[in-house]
Amino acid sequence: MRPVLHDWIRRSHGTLTFRLTQVLTGHGCFGRYLCRLGREATSGCHHCDTGDEDTALHTLQECPAWTEQRRELVAHTGLDTSLPAVVRTMVGSSTGWDAVSSFCEQVMFAKEEAERERERNSLLRSRQRRTRRRRRSDSDLRPP
């Protein structure tokens, strides 16, 4: 059994949350995943202007939108915020677990809110298009 897996199984701290699981699996509010599901037109990141594909790794390591949230994470992982380093940090101590979990909760909550806002705006635009259709005149609505 690999050391990190052994440490993961034997750890006495930390609980997986919905948002933490999203980051660990890449199945969440990430452009790549949502585009693959057909819920987004593009896999690009909506939170930065880099033009990068929005993935869990982009969110953990690169996206400038999450620099502030990443500071506490980096204090525990060092400059290495790769997935293996993050998992090592999580299993290494309860404070490391809390730092990773806090990052995931804050960032994924913000990404979920932004996705909901995009969906609301999309629904509003589609309703506006429907309501702009030509209406019949009153005389067309009279019974025969």
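Salt bridges in a predicted model

Biologist: In this predicted model, which side chain meets that of Arg118 in a salt bridge?
Modeller: Side chains of opposite charge can pair when their charged atoms come close. Here the nitrogen-to-oxygen distance is 3.0 Å, and the partner that the side chain of Arg118 meets in this salt bridge is Glu40.

Biologist: How many residues apart in sequence are the parts that this pair, Arg118 and Glu40, ties together?
Modeller: Arg118 lies in helix α7, whereas Glu40 lies in the loop between α3 and α4. The pair therefore ties together parts whose separation in sequence is 78 residues.

Biologist: Does Glu40 count as buried or exposed?
Modeller: Buried means under 20% relative accessible area. The relative accessibility of Glu40 is 13%, so Glu40 counts as buried.

Biologist: Which residue of helix α7 forms a salt bridge with Arg39?
Modeller: Arg39 lies in the loop between α3 (31-37) and α4 (56-62), and its partner lies in helix α7, so the pair ties together parts that are 76 residues apart in sequence. The partner is buried, with a relative accessible area of 7%. The two side chains meet at 2.5 Å, N to O, and the partner of Arg39 is Glu115.

Biologist: Which residues are joined with Arg19 into one network by salt bridges that share partners?
Modeller: The side chain of Arg19 meets that of Glu112 in a salt bridge of 2.9 Å, N to O. Arg19 lies in helix α2 (residues 18-25) and Glu112 in helix α7 (residues 94-131), so this pair ties together parts that are 93 residues apart in sequence. Both Arg19 and Glu112 are buried. Through salt bridges with shared partners, the residues joined with Arg19 into one network are Glu105 and Glu112.

Terms used:
Residues are numbered from 1 along each chain as its sequence is written. This is a predicted model: local features need pLDDT of at least 70, side-chain atom pairs count only at pLDDT 80 or more; totals for chains, interfaces and linings use all residues. Side-chain values use heavy atoms; hydrogens and water are left out. A salt bridge is a side-chain nitrogen of Lys or Arg within 4 Å of a carboxyl oxygen of Asp or Glu. Helices (H or I, at least four residues) and strands (E, at least two) are DSSP runs, numbered from the N terminus. Buried means under 20% relative accessible area, exposed over 50%, partly exposed in between (1.4 Å probe, protein chains only).
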